[in-house]
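Have your viewer ready and a selection command at hand. We will go from stop to stop, and at each one you will hear what to select and what is there.

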Amino acid sequence: TELHQSYHHYLKLVSTRVDGLRVGSRDLRVYQILPNSQLALYGRDKVPEAKFAYDLSPISVTYRKETVAWYDYCTSLMAIVGGVFTVVGMLESSIASTVSAARSRRRR
């Protein structure tokens, strides 16, 4: 049996606001569309139909630009370097103690 085909489209609309963008005295509000489509198969006795369904998301997205001071960047960089130094030191210490224990077992 040969099947008829048609697409079913599902659209999710998400309200989006960008701080700092204005139209006149009002904030600019746009909608993002998240599409999803599926191919539906119909039997010979049914007429294929394209379906469109939409859903308004209860969650809104807001984009905001924030600046970071140079000293915050330096502090984060130093924290990463210190964390790497600590982890490498712990690994080196555990490898050295394992090798030392293995050598002492061989001597006995």
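**Stop one: Arg22 and its surroundings**

Start by selecting Arg22, which is exposed, with a relative accessible area of 55%. Keep in mind as you look around that this is a predicted model. Colour by secondary structure and you will find Arg22 in strand 1, which covers residues 4–23.

Now show the side chain. Which backbone oxygen does the side chain of Arg22 reach? That of Ser25, at 3.3 Å. Next, add Asp27 and Leu28 to the selection: Arg22 touches both, leaving aside residues up to four places away in sequence.

**Stop two: Gly24**

Move on to Gly24, in the loop between strand 1 and strand 2, the latter being residues 26–42. Is Gly24 buried or exposed? Its relative accessible area is 73%, so Gly24 counts as exposed, the cut-off being over 50%.

If you like drawing distances, pick the C-alpha atoms of Gly24 and Val61: they are separated by 21 Å, with the two residues 37 apart along the chain.

**Stop three: Ser57**

Select Ser57 next, in the loop that links strand 3 (51–56) and strand 4 (61–63). Show its side chain together with the backbone of Ile59: a polar atom of the Ser57 side chain lies 3.2 Å from the backbone nitrogen of Ile59. Then bring up Lys12, Leu13 and Val14, which Ser57 touches when residues up to four places away in sequence are not counted.

**Stop four: a nonpolar patch**

Switch on the surface and select Leu3, Tyr7, Leu39 and Leu41. These residues form a nonpolar patch on the surface, and together they have about 390 Å² of accessible area. Pause at Tyr7, which lies in strand 1. With a relative accessibility of 46%, Tyr7 counts as partly exposed, because that class runs between 20% and 50%.

**Last stop: an aromatic pair**

A pair of aromatic rings is described by the distance of the centres and the angle of the planes. How many aromatic pairs are there, taking ring centres within 6.5 Å as the rule? The count is one. Select Trp70 and Tyr71 to see it: the ring centres are 5.8 Å apart and the planes stand at 80°, so the pair is edge-to-face, a label given to angles over 60 degrees.

Finish by comparing how the two partners meet the surface. Trp70 counts as exposed at 64% relative accessibility, whereas Tyr71, at 47%, counts as partly exposed.

Conventions
Residues are numbered from 1 along each chain as its sequence is written. This is a predicted model: local features need pLDDT of at least 70, side-chain atom pairs count only at pLDDT 80 or more; totals for chains, interfaces and linings use all residues. Side-chain values use heavy atoms; hydrogens and water are left out. Rings of Phe, Tyr and Trp (its six-membered ring) pair if their centres lie within 6.5 Å; planes under 30 degrees apart count as stacked, over 60 as edge-to-face and the rest as tilted. Buried means under 20% relative accessible area, exposed over 50%, partly exposed in between (1.4 Å probe, protein chains only). Helices (H or I, at least four residues) and strands (E, at least two) are DSSP runs, numbered from the N terminus. Contact means heavy atoms within 4.5 Å. A polar contact is a pair of N or O atoms within 3.5 Å; within protein, one must be able to donate a hydrogen and the other to accept it, and residues adjacent in sequence count only if both atoms are side-chain atoms. Patches are made of residues with over 30% relative accessible area and no salt bridge: like charges are joined within 9 Å, nonpolar side chains (Val, Leu, Ile, Met, Phe, Trp, Tyr) within 5 Å. Accessible areas come from the Shrake-Rupley method with a 1.4 Å probe; for residues, only the protein chains shown count as cover. A salt bridge is a side-chain nitrogen of Lys or Arg within 4 Å of a carboxyl oxygen of Asp or Glu.
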